Amino acid sequence: VFPNADYDFEALGVTYAVTDDITIGYSTSESEKASDSDTQEATAIGASFTSGGITSWYIFGDGFNVDL
């Protein structure tokens with residue numbers, strides 16, 4: 001996808017099942033392109049609730065130096 005580009009990418013995510021129905025999670029990532037001095041950072045938190053066959057979830061994320 002990106003010819004002749006050197007990228008470093010690190011990510012970590014953790015989820016925890018509070019109960020059989022409720023799960024919470026946190027993730028973070030960092031991306032760096034060799035030809036650019038800016039490091040892109042992103043974090044997200046999320047939660048889900050399951051009842052029967054229906055799952056509701058919410059995710060909130062934030063980024064810094066993110067190029068779209």
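Ser-31 is buried, with a relative accessible area of 16%, and the cut-off for that label is under 20%. This is a predicted model, so treat every value here as computed from it. The protein chain has 68 residues, and 7% of them count as buried. Its secondary structure comes down to four strands and zero helices, and the strands build an open sheet in the order 1-2-3-4.

**The overall layout**

- Reading along the sequence, you get the pattern β-β-β-β.
- The four strands of the open sheet pair in the antiparallel sense.
- Strand 1 and strand 4 sit at the edges with a single partner strand each, so one side of each has no neighbour in the sheet.
- On average, neighbouring strands of this sheet are turned by 10° against each other, direction ignored.
- Take the contacts in the protein chain with a separation of 6 or more: residues 24 or more positions apart account for 24% of them.
- The chain's accessible surface is about 5,700 Å², and carbon and sulfur atoms hold 55% of that.

**Strand 1 with strand 2**

- Strand 1 covers residues 7-17, and strand 2 covers residues 22-33.
- Eleven bridges hold the antiparallel pairing of strand 1 and strand 2 on the books.
- One of the pairs here is Tyr-7 with Lys-33, the latter in strand 2.
- To get from strand 1 to strand 2, the chain goes through a hairpin with four residues.

**Strand 2 with strand 3**

- Strand 3 takes in residues 39-51, and its antiparallel pairing with strand 2 runs over eleven bridges.
- Ile-22 has Phe-49 of strand 3 as its bridge partner.
- Thr-23 stands opposite Ser-48, again in strand 3.

**Strand 3 with strand 4**

- Strand 4 spans residues 54-64 and pairs with strand 3 in the antiparallel sense, over eleven bridges.
- Ala-47 is bridged to Tyr-58 in strand 4.
- Thr-50 is found opposite Thr-55 of strand 4.
- The hairpin of strand 3 and strand 4 has two residues between the strands, and Gly-52 in this hairpin takes a positive phi near 65°.

**Ser-31 and Glu-32, side by side in sequence**

- Ser-31 lies in strand 2, and so does Glu-32.
- Ser-31 counts as buried because its relative accessible area is 16%, while Glu-32 counts as partly exposed at 35%.
- Leaving aside neighbours within four places in sequence, Ser-31 is in contact with Tyr-7, Asp-8, Phe-9, Asp-38, Thr-39 and Gln-40.
- Glu-32 touches Asp-6, Tyr-7, Asp-8 and Thr-39, not counting residues up to four places away in sequence.
- Tyr-7 turns up in the contact lists of both Ser-31 and Glu-32.
- From C-alpha to C-alpha, Glu-32 and Tyr-7 are 5.7 Å apart, although 25 residues separate them in sequence.
- As background, side chains in a regular strand alternate between the two faces of the sheet.

**Phe-60 in strand 4**

- Phe-60 belongs to strand 4, one of the two edge strands.
- With a relative accessible area of 46%, Phe-60 is partly exposed.
- Setting aside neighbours within four places in sequence, Phe-60 makes contact with Thr-43, Ala-44 and Ile-45.
- Ala-47 is 13 residues away from Phe-60 along the chain, and their C-alpha atoms are separated by 9.3 Å.

**A nonpolar patch on the surface**

- Tyr-16, Val-18, Ile-22, Ile-24 and Phe-49 make a nonpolar surface patch of about 460 Å².
- Tyr-16 has its place in strand 1 and counts as exposed, because its relative accessibility is 53%.
- Two members of the patch, Ile-22 and Phe-49, are also bridge partners.

Technical notes: Residues are numbered from 1 along each chain as its sequence is written. This is a predicted model: local features need pLDDT of at least 70, side-chain atom pairs count only at pLDDT 80 or more; totals for chains, interfaces and linings use all residues. Side-chain values use heavy atoms; hydrogens and water are left out. Buried means under 20% relative accessible area, exposed over 50%, partly exposed in between (1.4 Å probe, protein chains only). Contact means heavy atoms within 4.5 Å. Accessible areas come from the Shrake-Rupley method with a 1.4 Å probe; for residues, only the protein chains shown count as cover. Two strands pair if DSSP finds at least two bridges between them. Patches are made of residues with over 30% relative accessible area and no salt bridge: like charges are joined within 9 Å, nonpolar side chains (Val, Leu, Ile, Met, Phe, Trp, Tyr) within 5 Å. A salt bridge is a side-chain nitrogen of Lys or Arg within 4 Å of a carboxyl oxygen of Asp or Glu. Axes are lines fitted to C-alpha atoms, for helices over the stretch in contact, and angles run from 0 to 180 degrees between N-to-C directions.
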